[in-house]
Amino acid sequence: MTDWSAVIAEKKSRINDTEQRLKGCDYDLNAADHEVNSITTKYKELHSAFEVYIGFNKDRAETFGNELLRLKVNFERISSEMETLNKSRRNLSSSFESLSSKLAGIIACPSCHHEFILAEKGFDVENGRKDLNEIEDNLNAVKTRIANQDLKLQEIEEQEKTVNEQKLLLTSEKRSWTEKLEEIESERKKACMHLEDIKQKQGRISGELNQLHEETDGILRKVFDEGFELIDEAYRQNARNKNAVNEEIKTCEASFETMSATIRELEATKGDTILI
């Protein structure tokens, strides 16, 4: 007969080990689920804060763009004006130098002190001097306007630099927010994958445990089957033994009958002998 006690003991030991593994898996599952929930909560909080930040700074980004566009338009307008002023400055400078050279050739009459230019006797010296002063005044005014416009261009460049720095800072802040969100999202995905691995492991262990219980149930059926088979065999053996005993009894009875008949014959023979 099979040593079912040893077989059942071995199965019970494996079931106990599997149940302990399942308990450990349940603990790991709870811990992993807690971690996923914790990271998810942190992600939602961070994402909500990021949305508030984006909503607050959305107008700032648009303002920076509009401000840079306005500064660009002003810079181009002033640059165009500067080109016109520089052209006027060059023309005035040329006129001033030409007239100055002409006036440098003035000759004064010793007698009447009349001033004239020998190469251009009809030239009006007095009006020439007035024109020279007027040209000089205009030239100085143009130079002043050029200097002022140049300062405006420098101011615009400084403003553009400031706006670009603020815009760059805003971009850097948004990138930092995005990197934080991506980092915590990566952690959340890893935690979810770990949780899924534990669930699959739990499923495998549960399957092993169910299989062991099924095998144990099968062993019980085999024990009953083998027990009933032994009982049936015992009944059959008893029946065979009973039949053998009956046959032996019949044989003995037949032998006894034969012996009795022989005795009777002997006795009969003995009687016949006496009569003789």
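Arg-14 is partly exposed, with 38% of relative accessible area. I begin with this residue in our predicted model. Its partner is Glu-10, and the two form a salt bridge in which the closest N and O atoms are 3.9 Å apart. Glu-10 is also partly exposed, at 38% relative accessibility. Where do Glu-10 and Arg-14 sit with respect to each other in helix α1? They are four residues apart in that helix, so about one helical turn separates them. As a reminder of the principle, side chains of opposite charge can pair when their charged atoms come close.

A second pair follows a similar plan of description. Glu-67 and Arg-70 form a salt bridge, and here the closest N and O atoms are 2.6 Å apart. These two residues are three residues apart in helix α1, so again about one helical turn lies between them. Glu-67 counts as partly exposed because its relative accessibility is 24%, and partly exposed means between the limits of 20% and 50%. Arg-70, at 40%, counts as partly exposed too.

Let us now turn to a pair that joins two helices. The side chains of Glu-208 and Arg-21 meet in a salt bridge, with a distance of 3.0 Å from N to O. Why does this pair tie together parts that are 187 residues apart in sequence? The reason is that Glu-208 lies in helix α2 whereas Arg-21 lies in helix α1. Glu-208 is partly exposed at 33% relative accessibility, and Arg-21 is partly exposed with a relative accessible area of 41%. In total, the count of salt bridges comes to five, and the three pairs I have described, Glu-10 with Arg-14, Glu-67 with Arg-70 and Glu-208 with Arg-21, are among them.

With those helices in mind, I shall describe the overall arrangement. The protein has two helices and two strands. Along the sequence, these elements follow the pattern α-β-β-α. Helix α1 covers residues 4–103. Strand β2 covers residues 115–117, and helix α2 covers residues 125–275. Of the 276 residues in the protein, 19% are buried.

Which residues of the two helices come together in space although the sequence keeps them apart? Consider Ile-8, which lies in helix α1. Ile-8 and Ile-219 are 211 residues apart in sequence, and their C-alpha atoms are 7.5 Å apart in space. Ile-8 is partly exposed, with a relative accessible area of 28%.

Further along helix α1 we find Asn-37. Asn-37 counts as partly exposed, at 42% relative accessibility. Its C-alpha atom is separated by 9.4 Å from that of Ala-191, although the two residues are 154 residues apart along the chain. Asn-37 has another such partner in Arg-188, 151 residues away in sequence and 8.9 Å away in space, C-alpha to C-alpha. Arg-188 lies in helix α2 and is partly exposed at 24% relative accessibility.

Next, the cysteines. A disulfide is a covalent bond between the sulfur atoms of two cysteines. How many disulfides does a search of the whole structure find? The search finds zero. I mention two cysteines for their surroundings. Cys-25 counts as buried, at 3% relative accessibility. Cys-192, by contrast, is partly exposed, with a relative accessible area of 31%.

Finally, I come to the surface. Which residues form a negative surface patch? The patch is made of Asp-124, Glu-126, Asp-131, Glu-134, Glu-136 and Asp-137. Asp-124 is found in the loop between β2 and α2. Asp-124 is partly exposed, with a relative accessible area of 38%. That figure satisfies one requirement for joining a patch, because patch residues must have over 30% relative accessible area.

To close, let me return to the main points. The protein follows the pattern α-β-β-α. Glu-208 of helix α2 and Arg-21 of helix α1 link parts that are 187 residues apart in sequence. Within helix α1, Glu-10 and Arg-14 are separated by about one helical turn, as are Glu-67 and Arg-70. There are zero disulfides in the structure, and Asp-124 belongs to a negative surface patch.

Terms used: Residues numbered from 1 in each chain as written. Predicted model: local features only at pLDDT ≥ 70, side-chain atom pairs only at ≥ 80, totals over all residues. Heavy atoms only, no water. Patch = residues over 30% accessible without salt bridge, like charges linked within 9 Å, V, L, I, M, F, W, Y side chains within 5 Å. Areas by Shrake-Rupley, 256 points an atom, 1.4 Å probe, with all protein chains shown as cover. Salt bridge = Lys/Arg side-chain N within 4 Å of Asp/Glu carboxyl O. Lys, Arg positive; Asp, Glu negative; His and termini not counted. Charge placed at Lys NZ, Arg CZ, Asp CG, Glu CD. Buried < 20%, exposed > 50% of the residue type's maximum accessible area, 1.4 Å probe, protein only. Disulfide = S-S within 2.5 Å.
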